[in-house]
Amino acid sequence: MTTPAPKSTPGDMTSFNILHGFPEALVRGMRSSFLGDADYHHMTQCETLDDVRLNLSETDYGDALADMNTLIPTGLQKAAVEKLVTEFQYLRTQAIEPLATFLDFITYEYMIENVMLLLKGTLSGRDINELIAQCHPLGMFKESTMRSIPTFESTPRGYQDLYQTVLVDTPVGPYFSLFLAETAGRGESSNVLEEVEIEIIKSSLIKYWIEDFGKYVECLGGETAQIMGDLLKVRADTNAINITLNSFGTPLNEPAMRASDRKRLYPALGHLYPAGTSMLADVGDEDELGRVLDLFPQYSSIWNVHSAGGSDGKSIDDAFYERDVQMLELAFEGQMHFGAFYAYVKLKEQEIRNLVWISECILQQQKEEIHKFVPVFSFNAPWRAGSKKHGR
């Protein structure tokens with residue numbers, strides 16, 4: 001390996017189980033906790049949320065919902081997320097380097113989302129307790145840090161102090177530093193946190209996180225670099241496509257900003273990078289975007305879902321979710337790599353989205369829409385051998 005690993009290597013067939021065998025056994029055992037096809041079938045037949053709760057009481061969510069008097073979608077989501085966080089934190093306590101840092105990298109994404117939520121809420125004057133309640137538990141800082149963010153004035157000087165005294169000491173501080181350095185290098189004022197839209201800042205920080213995470217797994221080498229590296233490449237491509245699609249009708253799509261501001265938001269890795277992202281920087285509408293994606297078979301079919309206008313009831317987000325679930329499931333098939341830990345968190349997130357979707361459809365009496373979810377480890381999935389028809 002030409003590039004040395006950050007601290008140590010994950011290990012090979014001779015040492016992986018010695019170093020990381022226990023947490024890997026835990027996460028592979030947790031695979032059995034996912035809802036099965038029969039569980040989804042029973043839930044979609046429910047008429048009330050009490051029926052959903054009764055069905056879930058026989059699953060791995062039984063204990064998490066035991067103390068809930070009334071089941072509502074937001075309460076179900078909160079309980080499911082808290083269960084995931086508890087499991088993840090237990091895995092983290094059992095991990096040693098370099099797995100420990102790998103698991104920390106997973107949490108950085110949620111830290112970025114939480115900081116941006118607090119910044120956005122501060123600008124709009126929302127209550128700090130309400131904002132903290134909406135933050136993802138995997139990305140929480142110390143309470144003093146969380147509460148200090150809205151104490152700064154909504155002025156350029158206030159945001160500068162915010163970064164220097166609070167954000168600089170967080171694990172995602174380096175990403176903020178890179179963003180501020182990049183904007184300063186373009187000759188922009190230091191008031192960037194007030195002048196640039198929050199979503200653009202968030203996209204920049206996620207870009208730095210993906211690139212940093214990609215470099216880390218590449219240095220680890222072995223199966224982790226191959227499997228996890230591919231997952232991050234696809235994540236980077238998804239971000240680039242969504243950034244381009246969402247920029248239409250905004251200032252980012254103006255010719256002068258496409259090759260400057262918008263292109264800077266594309267991660268410097270992925271199957272689209274560098275040729276594809278260079279072409280994405282030049283597109284000005286959906287037709288041009290479609291012609292670029294037609295050059296990449298793995299994304300042309302996903303784009304066809306969008307261009308069809310959801311005629312089959314699917315959106316481009318649904319197509320991305322299906323592709324992600326397929327790749328994340330495959331990450332469980334290999335051994336002696338860290339990709340299964342990332343896959344477990346993301347697949348659980350998909351399962352939580354499914355639970356919320358089903359419960360919302362039942363609550364709003366939209367049973368005709370209830371099957372529009374992406375089950376995890378489903379025998380009916382179109383990518384599984386012997387599947388004759390895609391049953392969503």
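Here is a walk through the fold, from the whole chain down to single side chains.

Keep in mind that what you're looking at is a predicted model. The secondary structure is helices and no sheet: the chain comes to 19 helices and 0 strands. Of its 392 residues, 50% are buried. The accessible surface comes to about 18400 Å², and carbon and sulfur atoms account for 52% of that. As for how the chain folds back on itself, take the contacts between residues at least 6 apart in sequence: 64% of these join residues at least 24 apart.

Now for the inside. In soluble globular proteins, nonpolar side chains tend to be buried together. Here the largest nonpolar core has 119 residues, and those with the most contacts inside it include Phe 102, Ile 106, Tyr 175, Phe 176, Leu 205, Trp 209 and Phe 213. Helix 6 gives this core its largest share, 14 residues. To see what Ile 106 is packed against, skip its neighbours within four places in sequence; what remains is contact with Phe 88, Phe 213, Phe 341, Tyr 342 and Val 345.

Phe 341 turns up again around Leu 91, a residue of helix 5. Leaving out neighbours within four places in sequence, Leu 91 is in contact with Pro 23, Leu 26, Val 27, Met 30, Leu 103 and Phe 341. Leu 91 counts as buried because its relative accessible area is 2%, under the 20% cut-off. One of those partners shows how far the sequence separation can go: Leu 91 and Val 27 are 64 residues apart along the chain, yet their C-alpha atoms are 7.7 Å apart in space.

Loops can be covered too. Thr 59 sits in the loop between helix 3 (49–56) and helix 4 (62–65), and it is buried, at 17% relative accessible area. Apart from residues up to four places away in sequence, Thr 59 touches Leu 35 and Asp 39. Compare Ile 96, in the loop between helix 5 (73–93) and helix 6 (99–124). Ile 96 is partly exposed, with a relative accessible area of 41%. Together with Ile 18 and Leu 19, Ile 96 makes a nonpolar surface patch of about 290 Å².

What about charged pairs? The count comes to 14 salt bridges. One of them pairs the side chains of Glu 109 and Lys 346, at 2.9 Å from N to O. Glu 109 lies in helix 6 and Lys 346 in helix 19 (residues 339–363), so this pair ties together parts that are 237 residues apart in sequence. Both Glu 109 and Lys 346 are buried.

A local counterpart is the salt bridge between Glu 143 and Arg 147, also with an N to O distance of 2.9 Å. Both residues lie in helix 8 (residues 143–148), 4 residues apart, about one turn of the helix. Glu 143 is exposed, at 53%, while Arg 147 is partly exposed, at 34%. Glu 369 and Lys 372 form another salt bridge, at 2.5 Å; Glu 369 is partly exposed at 25%, as is Lys 372 at 28%. Shared partners also link some salt bridges into one network of Glu 109, Arg 235, Lys 346 and Glu 349.

Last, the cysteines. The disulfide count is 0. Two of the cysteines, Cys 135 at 7% relative accessibility and Cys 361 at 5%, count as buried.

Methods: Residues are numbered from 1 along each chain as its sequence is written. This is a predicted model: local features need pLDDT of at least 70, side-chain atom pairs count only at pLDDT 80 or more; totals for chains, interfaces and linings use all residues. Side-chain values use heavy atoms; hydrogens and water are left out. Patches are made of residues with over 30% relative accessible area and no salt bridge: like charges are joined within 9 Å, nonpolar side chains (Val, Leu, Ile, Met, Phe, Trp, Tyr) within 5 Å. Accessible areas come from the Shrake-Rupley method with a 1.4 Å probe; for residues, only the protein chains shown count as cover. A salt bridge is a side-chain nitrogen of Lys or Arg within 4 Å of a carboxyl oxygen of Asp or Glu. Helices (H or I, at least four residues) and strands (E, at least two) are DSSP runs, numbered from the N terminus. Buried means under 20% relative accessible area, exposed over 50%, partly exposed in between (1.4 Å probe, protein chains only). A nonpolar core is a set of buried Ala, Val, Leu, Ile, Met, Phe, Trp, Tyr and Cys residues joined through side-chain atoms within 4.5 Å. Contact means heavy atoms within 4.5 Å. A disulfide is a pair of cysteine sulfur atoms within 2.5 Å.
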